[in-house]
Each structure stands twice: as C-alpha cells, then as structure tokens.
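The exercises below concern one protein chain. Work through each task before reading its solution.

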Amino acid sequence: MSTNTTGRRGKDEDVLELVHSVMHRYRARQYRFLRDGPQDITHMEGKVLFFFDRHPDATQSDLAQHSGRDKAQLARLIKGLRDKGLLDAETDEADRRQVRLRVSEAGQAVQRELRRQARQVSVQALSGLSADEQAQFAALLKRVQANLGEE
C-alpha cells in the first residue's frame, strides 16, 4: 500500500475503490434493466444509441473516433440497431460514401425509457442525502475529475 501526502496509508485508494464499487453497482442495475426489459438491447447498443442521440447525423467513423472501438464491431452494432428499427440512415448528399445516422422514433422511445430508468436508479442511490449533501457530493466529484484531467 502507498502512503498519501498526509501519511494515511491507503486512504486515497479506498475512496477511489468505493467510487468504483458504487459505479459497478449502478451499472449492474442498468445492465439488468437492459437484459430484463422490453428493449431487447445490449449495453453497447445502448451506448451507441446514446452517441447518435447526442450527435444526430454523425457517421460510423465519428463513432469510432469518439469511442476508440473497432470499426467492424461498430458496424455490427449499427447494423443490429438499424435492423431493430432504432437507427435511421441516410446517404450523405455531398459524399455518397458517407452514411449519416440518427436515432429513429422507436430509438427515441427506448432512449426515453433508459433515461427514466437511470433517473430512478439515481434517486434510489442518493436517497437519504439532503439537497446540500448532493450538491457537495457533486462538487467533490467534479474536483476529483478535474484533478485527473480530460482525455
């Protein structure tokens, strides 16, 4: 174990391990919802939908650059989402080699349900904390995030 700047052994690691544990439990709830819910989508499909919801008319290349994922894996995910009617595609007028993707109406309904479920888990996770405690918690996490810098 390492010693931090105040001489307490392992406390920094304990805090970050706790953050990891909390996020693991949060994501486990999300995965369970995806697995057991009516959406019939995987976690990765949910992430792809989220990307195109935030970046309408982006391309598969844009997603690959953003995510750092393998283009072949992304092509399969996108094809699956298009086959399920959750993504719409349109050939770019200026460059016919490019296909612009956006979340379909059915995909938007899935996105709304995923956001609703995420809010429920967040409410449950933060229950018992006052508004001031929640604000303080968010501020502390933002400071930790800033300390780690952006990628």
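Buried means under 20% relative accessible area, exposed over 50% and partly exposed in between, with a 1.4 Å probe and protein chains only. The model is predicted: local features need pLDDT of at least 70, side-chain atom pairs count only at pLDDT 80 or more, and totals for chains, interfaces and linings use all residues. Residues are numbered from 1 along each chain as its sequence is written, and side-chain values use heavy atoms, with hydrogens and water left out.

**Exercise 1.** Classify the aromatic pair of the structure.

Solution. Rings of Phe, Tyr and Trp (its six-membered ring) pair if their centres lie within 6.5 Å; planes under 30 degrees apart count as stacked, over 60 as edge-to-face and the rest as tilted. The structure holds 1 such pair. The ring centres of phenylalanine 51 and phenylalanine 52 are 5.1 Å apart and the planes stand at 85 degrees, so the pair is edge-to-face. Phenylalanine 51 has a relative accessible area of 6% and is buried; phenylalanine 52, at 1%, is buried.

**Exercise 2.** Determine which residues of α4 are buried and where they lie around the axis.

Solution. Helices (H or I, at least four residues) and strands (E, at least two) are DSSP runs, numbered from the N terminus. Helix α4 covers residues 71–83. Its buried residues are Leu74, Leu77, Ile78, Gly80 and Leu81. They span an arc of only 160 degrees, taken from the directions from the helix axis to the C-beta atoms, which places them on the same side of α4. On the other side, Arg76 and Asp83 are exposed. The cover over the buried residues, by contact (heavy atoms within 4.5 Å), includes α2, α3, β1 and β2.

**Exercise 3.** Locate the partners of the salt bridges of aspartate 53, arginine 102 and lysine 79.

Solution. A salt bridge is a side-chain nitrogen of Lys or Arg within 4 Å of a carboxyl oxygen of Asp or Glu. The whole structure has 9.

1. Aspartate 53 pairs with arginine 115, with the closest N and O atoms 3.2 Å apart. Aspartate 53 is in helix α2 and arginine 115 in helix α5, so the bridge ties together parts 62 residues apart in sequence.
2. Arginine 102 meets aspartate 57 at 2.4 Å, N to O. This pair links strand β2 to the loop between α2 and α3, 45 residues apart. Asp57, Glu90 and Arg102 form a network of salt bridges.
3. Lysine 79 meets aspartate 83 at 2.8 Å, N to O. Being 4 residues apart in helix α4, the two are separated by about one helical turn.

Technical notes: The expected span of a helix is 1.5 Å times one less than its number of residues.
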